[in-house]
Amino acid sequence: MITSTSNPQVKNLQQLLKKAKARNEQDVFLAEGIKMYQEAPKEQICKVYITKTLYEEKGPDFLCGLEAEVLSDHVYAAVSDTKTPQGILCVLKQYRYRIPDMMKKENPHLLLLEDLQDPGNLGTIMRTAEGAGVDGIILNRTSVDLYNPKVIRATMGSVYRMPFLYVDELSEVLPVLKEKGIHTYAAHLKGKNCYDQEDYRTGCAFLIGNESSGLSGKLSRKADTWIRIPMHGKLESLNAAVAASILMYEVCRQRR
């Protein structure tokens, strides 16, 4: 059992928790909590850490055949990203997806996210995307790191199942989508039609922009169609995750 926060493994976990550079160099990410552990694909798991308290409460069968490093409770608290730790975290291999992985269905439904910054928004979008039947999420590299522990926690396990890809420029992806017959829609305040006036039963992709500034002019001009979500009151826009959810579930509704 590890009882000191100066242990090299503990120091490494702290680096993985705080720094994207460390996660990328080691090609791993952290997932914390009982649900996240139980849903994690076993072939992706590199290492499991569990508190002495949880291990004694649940017993070895709880680990489903995997070995785990036991940490004293105070040491675990030093590597936890939550206020009320559940007592288990795992180190997993990062995923490697390509655009073809998102094109397995006849009429793909995609999301393109530009400069999204809030971890909670990205995690919520990923979770909602799985529920709405989205086939993949493409982000530019200036968006928040998807392996940020706050994003991982907000996905509620969808990170294990939703294909995603970072690219240098989203505009470079648009010709590829066009070749595949995927129509691109920019969520834009100046959209001619409301979002529910379009037909999304064929391949489609929604472009969602930064929380405060929206889509860049450069990217929105390259979209096939601008759409808007009607607003009442004095609001100009919705939270990025809320707007994305409305659009994703409209596709789901039409295809149902």
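In the predicted model, nine aromatic pairs are found. One of them joins Y37 and F62, whose ring centres lie 6.1 Å apart with the planes at 40°, so that the pair is classed as tilted. Because Y37 belongs to helix α3 (residues 34-39) and F62 to the loop between α4 (52-58) and β3 (69-71), this pair ties together parts that are 25 residues apart in sequence. Y37 and F62 are both buried.

An edge-to-face arrangement is seen for the aromatic pair of Y97 and F164, with 5.5 Å from centre to centre and 65° between the planes. This pair, too, links distant parts of the chain, given that Y97 sits in the loop between β4 (88-93) and β5 whereas F164 is part of strand β7, 67 residues apart. Burial applies to Y97 as well as to F164. Y97 and F164 are also members of a cluster, linked by ring pairs, that further includes F29, Y95 and Y147.

The strand that carries F164 leads to the sheet of seven strands, which is open, is ordered β7-β6-β5-β10-β8-β11-β9 and shows parallel pairing. The edges are formed by β7 (164-167) and β9 (193-194), each of which has a single partner strand, so that one side of each is left without a neighbour in the sheet. For β7, pairing with strand β6 (residues 136-140) is in the parallel sense and extends over four bridges; within this pairing, F164 of β7 is the bridge partner of I137. F164 thus appears both in the pairing of β7, as the bridge partner of I137, and in the aromatic cluster, together with F29, Y95, Y97 and Y147.

Further along the order of the sheet, β10 stands between β5 and β8. Five bridges connect β5 with β10 in a parallel run, and L207 of β10 is the bridge partner of L112. On the β8 side, four bridges connect β8 with β10, again with the strands running parallel, and here C204 of β10 is the bridge partner of H183. Strand β10 is mostly covered, with five of its five residues buried. In a regular strand, side chains alternate between the two faces of the sheet. In β10, C204, F206 and I208 point one way while A205 and L207 point the other way, and all of these residues are buried. Strand β8 is also joined to β11 by three bridges, with the two strands running parallel, and in this pairing Y185 stands opposite T225 of β11.

Helix α10 lies across four strands of this sheet, namely β5 (109-113), β8 (183-187), β10 (204-208) and β11 (225-228), and runs at about 170° to β10. The axis of α10 (residues 240-255) also comes within 9 Å of the axis of helix α6 (residues 119-132), the two crossing at roughly 10°. With angles under 35 degrees counted as roughly parallel, α6 and α10 are therefore roughly parallel to each other. The contact is made on the α6 side by N121, T124, I125, T128, A129, G131 and A132, and on the α10 side by A240, A241, A244, S245, M248, Y249 and C252. By residue class, the contact of α6 with α10 comprises nine nonpolar and five polar residues, with no charged residue among them.

A separate description applies to the sheet of four strands, which is open, has the order β1-β4-β2-β3 and is mixed in its pairing. Its edges are β1 (28-32) and β3, and since each has a single partner strand, one side of each is left without a neighbour in the sheet, so β1 and β3 resemble one another in this respect. Neighbouring strands of this sheet are turned against each other by 25° on average when direction is ignored. Strand β2 (residues 45-51) pairs with β3 in the parallel sense over three bridges, and L71 of β3 is the bridge partner of T51. Helix α1 (residues 8-18) lies across β1, β2, β3 and β4, and runs at about 95° to β1.

Methods
Residues are numbered from 1 along each chain as its sequence is written. This is a predicted model: local features need pLDDT of at least 70, side-chain atom pairs count only at pLDDT 80 or more; totals for chains, interfaces and linings use all residues. Side-chain values use heavy atoms; hydrogens and water are left out. Axes are lines fitted to C-alpha atoms, for helices over the stretch in contact, and angles run from 0 to 180 degrees between N-to-C directions. Angles under 35 degrees count as roughly parallel, over 145 as roughly antiparallel, 65 to 115 as roughly perpendicular and the rest as oblique. Contact means heavy atoms within 4.5 Å. Ala, Val, Leu, Ile, Met, Phe, Trp, Tyr, Cys and Pro count as nonpolar, Asp, Glu, Lys and Arg as charged, and the others, Gly among them, as polar. Two strands pair if DSSP finds at least two bridges between them. Buried means under 20% relative accessible area, exposed over 50%, partly exposed in between (1.4 Å probe, protein chains only). Rings of Phe, Tyr and Trp (its six-membered ring) pair if their centres lie within 6.5 Å; planes under 30 degrees apart count as stacked, over 60 as edge-to-face and the rest as tilted.
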